[in-house]
Amino acid sequence: MGEILIELEHVGIAFSAGRSVVGGRFWALEDVNLQLRRGERLGVIGRNGAGKSTLLRVIADILAPDRGRVRRAPVTCQLLSLSLGFVPHLSGRDNAVLSGLMLGLRRREIVKRLPAIREFSELGDFFDQPIATYSSGMNMRLAFSVAIQVEPDVLLIDEVLSVGDAEFQQKSGAAMAQRMGEGQTVVLVSHDESQIAKRCDRVLWIEHGRSVLEGGRDEVFAAYHNDLHLVADKR
Amino acid sequence: MHRHLIELILFSTYAELRAEAARSYLGLIWWVLEPAMMMGAFWLVFDVILHTGGPDYLPFLLIGMTLWQWMKSCITHGGYAIWSNLAMVRQVNLPPIVFPLIAMLSDTVKFMFIFALLVGILWAMGYPPNAAYWALPILFLAIFAAAAGAGFVVASIVPLVPDLRFVIEQVLTVVMFLSGVIFPLAKVPPGLQWLMALNPVAVVMDDARGILMHGQLPNWIGLGKVGAIALAMCAIGSLTVHRLAPRFPKLAG
């Protein structure tokens, strides 16, 4: 087993409800525990509104916990975000550099990868045209091609595994699968259980902002499904 | 600051300028045309119609407006930068101060173009470049530090209280009129003159006109005080941004 990279102990995150001065707070995460080790592929499951995306932003060090503790080894964590920082009137090339910088790459690293980004996105000469002229499919192809270049120690993914038309979906899905198979430490949040079942070895189940169970994939899924049936039966 | 952040700030500044130039038909020309139109309007009202100024009024006004527009855009654009980038703040772990810095740097690049034009106009009006110009970079540094400091403070508060945007513009208009941008402060009643001397904007306006119109070096003690106030504002501003940073990713845009 690899060393522990990130550890959450009884972490809670509160948001203020509404913009008014008198608004109260609500806890998006109440009490979450988690251990992430190097090389691990951890899936996070739970119903809508369970706090999965909030949890991912805590792991990414975007949100600081309002209670509990987060311990992290000196590693880079990056949330895989598509179209981050894209500016409509700039060329695909400039946007690739801009987005790459936002995703934590150094400029020379991105410049070195521009040919690969151009190639993967299949944009051809459009690569040097303003992205305002792109179709939404072309936009997604560029966004994915840039995002897949990012190489943090811990890769955080929120429901973006494949984009674009059927053909590009297959290609981007394959690229993603390859990245996740290379010993990359991954945390994956998804509604789609089959994605998590296919790609993760360990699973954390959260409900109403609380850790319910963390463990091996099959064990957690069995308990989760059991619970879903119980709830369904009660109705 | 980390090298990666410097690259990010510089490239984003380039991207912002590039995108802005591409957004309108006349592109870059607006950078100069817009302030020129505004100066024209003030000249029409205060000189032609109200006869506020004397023979030197036009250069007086042009210099004041050019510098003031730069300060104002740093404070407002920089001030709104974190708020308008909240979607990004929620997605990446970046120190939020980069957003106002990008806005201020691109406004500063635009100011350079306008200032070059101003020097040309002044020359044509009989105020050629002179030996005192070497003091301009120092003056500009003081102006930028003061504007950046104010901009940082605004930038850290506007995401929490967006309503503030409606107040800021009005406050800045008042500051403009009280700083000798439009009319000389000599017209202020003597009882209030001491207050004006403490206003950093008024001091840099006087110094800039001294250099550009009369070849006169700034009063270094006065400018030194302004510089110290500016640096203090910068420190307070960046500290406020830093202190409030954990709250920004939780805000809805």
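Thr76(B) sits in helix H3 (residues 57–84) of chain B. With 20 C-beta neighbours inside 10 Å, Thr76(B) counts as buried, because 20 is where the buried class starts. Thr76(B) is also a handy marker for judging distances: Gly222(B) lies 146 residues away in sequence and 26 Å away in space, C-alpha to C-alpha. Keep in mind that this is a predicted model.

**Chain B as a whole**

What is chain B built from? It has 10 helices and zero strands, so to speak an unbroken run that reads α-α-α-α-α-α-α-α-α-α along the sequence. Its C-alpha atoms fill a box of roughly 55 × 45 × 35 Å along the principal axes. A compact globule of 253 residues would have a radius of gyration near 18 Å, and chain B, at 19 Å, agrees with that. Of those 253 residues, 37% count as buried. Take the contacts in chain B between residues at least 6 apart in sequence, and 78% of them join residues at least 24 apart.

**Two helices side by side**

Here are H9 of chain B and H5 of chain A, with the span each should have at 1.5 Å a residue.

| Helix | Residues | Length | Expected span | End-to-end C-alpha distance |
|---|---|---|---|---|
| H9(B) | 200–214 | 15 residues | 21 Å | 21 Å |
| H5(A) | 166–181 | 16 residues | 22 Å | 22 Å |

For H9(B), the expected span and the distance between the end C-alpha atoms agree; for H5(A) they agree too.

Why is H9(B) described as largely enclosed by the rest of the structure? Because 12 of its 15 residues are buried. Among them are Val201(B), Val203(B), Val204(B), Met205(B), Ile211(B) and Leu212(B), and the buried list also includes the charged-type names Asp206(B), Asp207(B) and Arg209(B). The cover over these buried residues includes H3, helix H5 (98–124), helix H6 (136–157), helix H7 (165–177), helix H8 (193–197) and helix H10 (220–244) of chain B. After H9(B) comes Gly215(B), with a positive phi near 60°.

Now for H5(A). Its buried residues are Phe168(A), Ser172(A) and Met176(A). Looking down the helix axis, they fall within an arc of 70°, so they line one face of H5(A). The face turned away from that buried side carries exposed residues: Ala166(A), Glu167(A), Gln170(A), Ala174(A), Gln178(A) and Gly181(A). Helix H4 (136–147) of chain A is included in what covers the buried residues of H5(A). Just after H5(A), Gly183(A) takes a positive phi of about 80°.

**The nonpolar core**

Which residues touch the most other members of the largest nonpolar core? Of its 125 residues, they are Leu156(A), Val187(A) and Val204(B). H3(B) gives the most to this core, with 15 residues; that is the helix that holds Thr76(B). Val204(B) is one of the buried residues of H9(B). As for Leu156(A), leaving aside neighbours within four places in sequence, its contacts are Leu56(A), Ile59(A), Ala60(A), Cys77(A), Gln78(A), Leu79(A), Leu80(A) and Val187(A).

**Where the chains meet**

How many residues are in contact across the two chains? On chain B there are 18, and they meet 22 residues of chain A. Helix H1 (residues 3–23) of chain B gives the most to the chain B side, with 10 residues. By class, that side has nine nonpolar, four polar and five charged residues.

Technical notes: Residues numbered from 1 in each chain as written. Chains lettered and ligands numbered in written order. Predicted model: local features only at pLDDT ≥ 70, side-chain atom pairs only at ≥ 80, totals over all residues. Contact = placed C-beta atoms within 7 Å. Helix = DSSP H or I, 4+ residues; strand = E, 2+ residues; numbered from the N terminus. Rg over C-alpha atoms; globule rule 2.2 N^0.38 Å. Expected span 1.5 Å × (residues − 1). Arc of directions from axis to C-beta. Core = buried A, V, L, I, M, F, W, Y, C linked by C-beta atoms within 7 Å.
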